Amino acid sequence: MSGDKVGVMDTDGPVLIDPRQFARARSHFAAIFPAASLSRLEDVLASSEGSVQVLVDGHLDAYDRPSLRVVIKGCVELACRRCLAPMAITVALGRELSFVEGLSEFEPSAEQEGDDRDVLPLVAQLDLRELLEEEILLTLPMAPSHGPGKCPNRVEVSSVRGDGTRVAVFSKLGEMLSAVPGGDAGDSGIREKKNAGD
Ligand SMILES: [Zn+2]
């Protein structure tokens, strides 16, 4: 079996591999996916700005299972949940994916694997692009934001010195928002039911 390498090829379409063969041949795949080509992230991304660099190394893990070492680095834009303006989000992840034949829903070994390791069912053909896009999706923040008082739109409004009323309204709103309780992990919001009698 030759150590075939899947190089930087057509990065817009699917990248089909046989995981078992890819792992045994210790094949490599390296590519740059422009944000615009990430079709599974289309609904999530705020713009087509940015790209991600992907590196995949095939090998057999300690249990002789076909495995992929995946490294993804790059930057894409998501919409800020406060002001909806695009904001740059850094993508940086490294994962170890091992393939198991006849994987059951509750694979006992999966729990021992740790956070940077996944166990997937072994299939004859796998779309690397789909797999990588799913990994990127999982790593993106659910509700990104510029942070309290840091949205660019807000800065614009408060810098309008001529309209004192508007500035006052927005600063008042800011006070109200920061005064809203929440995120406080104290016992005020949560009532624990103690069933000590059982
Ligand atoms: Zn914002």
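Here is a short walk through this predicted model, one selection at a time.

**Stop one: the sheet.** Start by colouring the strands. Five of them make an open sheet, and reading across you meet β2, β3, β4, β5 and then β6, with mixed pairing. The edges belong to β2 and β6 (117-121); each has a single partner strand, so one side of each has no neighbour in the sheet. From one strand to the next, the twist averages 20 degrees.

**Stop two: the first hairpin.** Select residues 45-60 for β3 and 66-79 for β4. These two strands run antiparallel and are joined by twelve bridges. To see them face to face, show V56, which sits opposite V70 in β4. Now follow the chain round the turn: five residues separate the strands of this hairpin, and D64 there has a positive phi of about 65 degrees.

**Stop three: the second hairpin.** Keep β4 on screen and add β5, residues 86-100. This pair is antiparallel too, with 13 bridges. Look for C75, with T90 of β5 opposite. Six residues lie between the strands of this hairpin, and L84 takes a positive phi near 65 degrees.

**Stop four: a parallel pair.** Move on from β5 to β6. Here the strands run parallel, with five bridges between them. Pick out F99 and you'll find L120 of β6 opposite.

**Stop five: helix α2.** Select residues 128-139. Twelve residues at 1.5 Å each should span 16 Å, and the C-alpha atoms at the ends are 17 Å apart, which agrees. Which residues of α2 are buried? Show L128, R129, L132, E133 and I136. They share one side of α2, because they cover an arc of only 130 degrees around the axis. The buried residues pack against β1 (16-17), β2 (28-34), β3, β4, β5 and β7 (126-127).

**Last stop: the core.** Which residues have the most contacts inside the largest nonpolar core? Select V52, V54, V56, V70, I72, L128 and L132; the core itself has 25 residues. At least two come from each of α1 (19-24), β2, β3, β4, β5 and α2. Its largest share, five residues, is supplied by β4.

Finish by zooming in on L128. Leaving out residues up to four places away in sequence, L128 touches V15, I17, F29 and V56. You've already met that last one: V56 is the residue opposite V70 in β4.

Key
Residues are numbered from 1 along each chain as its sequence is written. This is a predicted model: local features need pLDDT of at least 70, side-chain atom pairs count only at pLDDT 80 or more; totals for chains, interfaces and linings use all residues. Two strands pair if DSSP finds at least two bridges between them. Helices (H or I, at least four residues) and strands (E, at least two) are DSSP runs, numbered from the N terminus. The expected span of a helix is 1.5 Å times one less than its number of residues. A residue is buried if 20 or more other C-beta atoms lie within 10 Å of its own, exposed if 12 or fewer, and partly exposed in between; C-beta atoms are placed from the backbone. The arc is that of the directions from the helix axis to the C-beta atoms. Two residues are in contact if their C-beta atoms, placed from the backbone, lie within 7 Å. Axes are lines fitted to C-alpha atoms, for helices over the stretch in contact, and angles run from 0 to 180 degrees between N-to-C directions. A nonpolar core is a set of buried Ala, Val, Leu, Ile, Met, Phe, Trp, Tyr and Cys residues joined through C-beta atoms within 7 Å.
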